[in-house]
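Q: I should like to learn how to read the features of a two-chain model step by step. Where does one begin?

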Amino acid sequence: MKNKIEQIRKERGILQDEFAKALGVSRQTISSLENGRYNPSILLAYKIAKYFGMTIEDVFIFEEEEQL
Amino acid sequence: MKIDRRIISNIIYVVLGTSLFGLGFAGVMDAFWSGMGGALIAVGIIRIIQILRCSNDESYREKIQIEAKDERNQFLRNKAWAWTAYIFVLMTAVAAIVFQLFGEELLSMVAGFAICILFVMYWLCYMVLNKKY
């Protein structure tokens, strides 16, 4: 699943370490999420969206074909 | 209080390990038990150092807690176990065939039995998890 985490984080001038600490995850997890190598749980996706003050749909891009 | 209890349990590991190692060294017990003792000493000492460091260094404690709770780490641990089991089954199956070809029927049977036990355990775990989730 694609996401806009890196874009939003950089726009707001938030460092990966700072972001990871706020979410209670490791910096590698943030890096993997941003590279699209790891898809978060619904709970983490919710925490990320809440941190940015956005909805999950605003941050994560669900593509139908991924399920095929 | 919780840290103290963990330190005590690890001190018990070190004492038990030292006893086993000593008995093995003195020739009372065989190398298996002294090896087990050595492992207990190592695990106990490493854990005690880790617990003491956690109680004195807040940033280290935070790092350890995040590493333990991090969902990607948990995912990786589960995935690594799944891969390990899969590779183990494949290697054991190959070993069973090789043992059979070389006439080592007992070893072949043991390998086959190990695979059967693993599949039964997998099935039981699946049933338990299926009920739980």
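**Burial, shape and contact in a two-chain model**

A: One may begin with burial: of the 133 residues of chain B, 10% count as buried. A residue is buried if 20 or more other C-beta atoms lie within 10 Å of its own, exposed if 12 or fewer, and partly exposed in between, with C-beta atoms placed from the backbone. In chain A, buried residues make up 18% of the 68 residues.

Q: What should be known about the origin and numbering of the model?

A: This is a predicted model, in which local features need pLDDT of at least 70 and side-chain atom pairs count only at pLDDT 80 or more, while totals for chains, interfaces and linings use all residues. Residues are numbered from 1 along each chain as its sequence is written, and chains are lettered from A and ligands numbered from 1 in the order in which they are written.

Q: Which scores describe confidence in the model, and what is the mean pLDDT of chain B?

A: The predictor's confidence in each residue is given as pLDDT, on a scale from 0 to 100. For chain B the mean pLDDT is 92, and 98% of its residues reach 70 or more. The model as a whole scores ipTM 0.86 and pTM 0.76.

Q: How many helices and strands does each chain hold?

A: Helices (H or I, at least four residues) and strands (E, at least two) are DSSP runs, numbered from the N terminus. Chain B has five helices and zero strands, in the order α-α-α-α-α from the N terminus. Chain A has five helices and two strands, and its pattern along the sequence is β-α-α-α-α-α-β.

Q: How does the radius of gyration of each chain stand against that of a compact globule?

A: The radius is taken over C-alpha atoms, and the globule rule is 2.2 Å times the number of residues to the power 0.38. For the 68 residues of chain A the rule gives a value near 11 Å, and chain A has 11 Å, which agrees. Chain B has 21 Å, whereas a compact globule of 133 residues would have a radius near 14 Å. The C-alpha trace of chain B spans about 55 × 50 × 25 Å along its principal axes; for chain A the corresponding box is roughly 35 × 20 × 20 Å.

Q: Which domains are assigned in chain B?

A: Domain bounds come from an automatic or database domain assignment. For chain B the assignment gives domain 1 (2-69) and domain 2 (71-132). The centres of these two domains, taken over C-alpha atoms, are 29 Å apart.

Q: How is a single helix to be read, taking H3 (residues 58-69) of chain B as the case?

A: The expected span of a helix is 1.5 Å times one less than its number of residues. Helix H3 of chain B has 12 residues and reaches 16 Å from first to last C-alpha, close to the 16 Å expected. This helix is hardly covered, with zero buried residues among its 12.

Q: Why does B:Leu20 count as buried, and why does B:Ile8 count as exposed?

A: B:Leu20, in helix H1 (residues 2-25) of chain B, counts as buried because it has 22 C-beta neighbours inside 10 Å. B:Ile8 is also found in helix H1 of chain B, but B:Ile8 counts as exposed because it has 11 such neighbours.

Q: With which residues is B:Leu20 in contact, leaving aside its neighbours within four places in sequence?

A: Two residues are in contact if their C-beta atoms, placed from the backbone, lie within 7 Å. On that basis B:Leu20 touches B:Met29, B:Trp33, B:Ser34, B:Met36, B:Gly37 and B:Leu40. In chain B, 34% of the contacts with a separation of 6 or more join residues 24 or more positions apart; in chain A the share is 49%.

Q: Where is A:Ile61 placed, and with which residues is A:Ile61 in contact?

A: A:Ile61 lies in strand S2 (residues 60-61) of chain A. Beyond its neighbours within four places, A:Ile61 is in contact with A:Met1, A:Lys2 and A:Asn3. A:Lys2 is 59 residues away in sequence, yet 5.2 Å away from C-alpha to C-alpha. A:Ile61 counts as exposed because it has 11 C-beta neighbours inside 10 Å.

Q: How many residues does each chain bring to the contact between them?

A: Nine residues come from chain A and seven from chain B. On the side of chain A, helix H3 (residues 27-35) gives the most, with three residues. That side divides into three nonpolar, six polar and no charged residues. Here Ala, Val, Leu, Ile, Met, Phe, Trp, Tyr, Cys and Pro count as nonpolar, Asp, Glu, Lys and Arg as charged, and the others, Gly among them, as polar.
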